[in-house]
Amino acid sequence: MGNSGKSEIRFEGTGRGKKSIDGCSVEFYLNLKPGPEPDMICDNVSAGTSVLELGCGVGRVTNALVERGLVVTAVDNSQDMLAHVQGANSVCSDIESLNLNKKFDAVMLGSFLINSPKETIRHDLLKTCRKHLKNDGVLFVECHPFALLETISIGDKGERNGVHTYIDSVERNGNTLSLQLRWEIDGETWTQSFETEILNGRKLQEGLERCDLKFVRWLDDSKSWLLANVEGAVNKSINGGNSFQCRRQ
Ligand SMILES: C[S@@+](CC[C@H](N)C(=O)[O-])C[C@H]1O[C@@H](n2cnc3c(N)ncnc32)[C@H](O)[C@@H]1O
């Protein structure tokens, strides 16, 4: 089923709970709400769609997609995270070396993994997406918005859904940012220190094209989720805005 634990995506985190190798705390992610992603995915696929979710964590989004009638295969390289995924087929593997010998109607690459500072890692992640995507399938990629990274600064970033976010450290080296984020929930604190690459639309597009994929459009105003498809594909599953049956909640 692929290897786990060899990925070069390695960061650090503090706070209660077991940590994934990219420094995320299982306990912290168990405290988060699903957010807008499940409805956003559902607006762009039909009921019964097969979805491959890469970097699923504790199933924050996965579990909500399953509840909405999608058939989800959830991949993560942390067994501690996967232990909380419900109703999906879970696979413990690094995304970069994943080979399920199966293709899906939709593939999701969340968690800003595409902003990995190493070009080779970004390429390996997108190669995995393409390898597992049907020719008429759709790809959802979550990235750190270019405009946000260009202007990011330390400070109190406010509270949302019970989570208070602070940026404690920002260092820029060319197009690579080293960040330390701190989150507080009910007086408890978690941090994660990581590097992220500032990627503009052209760089993202070039990365997609190298893997035979094509940018279609942004799915949100902040430009954090993009929709892509296979180069040259006529997608029966890209939402024209009316005929989708996947159940929003
Ligand atoms: C920031 S968490 C987010 C989890 C989930 N996508 C969410 O939004 O709740 C990132 C997850 O990606 C996983 N991850 C990071 N790098 C990975 C890799 N190279 N292969 C597989 N999983 C990875 C981590 O173990 C972690 O569970």
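A residue counts as near a molecule if its C-beta atom, placed from the backbone, lies within 6 Å of it. In this predicted model, 21 residues surround the ligand. The protein chain is assigned two domains, domain 1 (12-146 + 200-230) and domain 2 (148-195). The largest nonpolar core has 53 residues.

**Around the ligand**

- Ser-7, Ser-20, Gly-55, Gly-57 and Arg-60 come nearest to the ligand, out of the 21 residues around it.
- The shell around the ligand holds eight nonpolar residues, eight polar residues and five charged residues.

**Two domains**

- Domain 1 is made of residues 12-146 + 200-230, and domain 2 of residues 148-195.
- Taken over C-alpha atoms, the centres of domain 1 and domain 2 are 21 Å apart.
- Contacts between the domains involve 16 residues of domain 1 and 16 residues of domain 2.
- On the side of domain 1 that touches domain 2, strand 1 (residues 12-14) gives the most, with three residues.
- That side of domain 1 has six nonpolar, seven polar and three charged residues.

**Nonpolar core**

- In soluble globular proteins, nonpolar side chains tend to be buried together.
- Here, Val-107, Leu-109 and Leu-139 touch the most other members of the 53-residue core, the largest nonpolar one.
- Both domain 1 and domain 2 supply this core, with at least three residues from each.
- Leu-109 touches Leu-54, Gly-55, Ile-114, Leu-125, Cys-129, Val-141 and Glu-142, leaving out residues up to four places away in sequence.
- Gly-55, one of the contacts of Leu-109, is also among the residues that come nearest to the ligand.

**Strands 6, 11 and 12**

- Strand 6 (residues 133-142) pairs with strand 12 (residues 225-230) through five bridges, in the antiparallel sense.
- Glu-142 has Trp-225 of strand 12 as its bridge partner; Glu-142 is also touched by Leu-109.
- Strand 11 (residues 213-218) runs antiparallel to strand 12, and five bridges join them.
- Across from Trp-218 stands Leu-226 in strand 12.
- Strand 11 and strand 12 form a hairpin with six residues between the strands.
- In this hairpin, Lys-223 takes a positive phi near 60°.

**An exposed loop residue**

- Asn-99 sits in the loop between strand 4 (89-92) and strand 5 (104-109).
- A residue is exposed if 12 or fewer other C-beta atoms lie within 10 Å of its own.
- Asn-99 has 11 C-beta neighbours inside 10 Å, so Asn-99 counts as exposed.
- Asn-99 and Ile-114 are 15 residues apart along the chain, and 19 Å separate their C-alpha atoms.
- Ile-114 is one of the residues that Leu-109 touches.

Note on methods:
Residues numbered from 1 in each chain as written. Predicted model: local features only at pLDDT ≥ 70, side-chain atom pairs only at ≥ 80, totals over all residues. Nonpolar A, V, L, I, M, F, W, Y, C, P; charged D, E, K, R; others polar. Domains from an automatic or database assignment. Contact = placed C-beta atoms within 7 Å. Helix = DSSP H or I, 4+ residues; strand = E, 2+ residues; numbered from the N terminus. Core = buried A, V, L, I, M, F, W, Y, C linked by C-beta atoms within 7 Å. Buried ≥ 20, exposed ≤ 12 C-beta atoms within 10 Å, placed from the backbone. Pairing = 2+ DSSP bridges.
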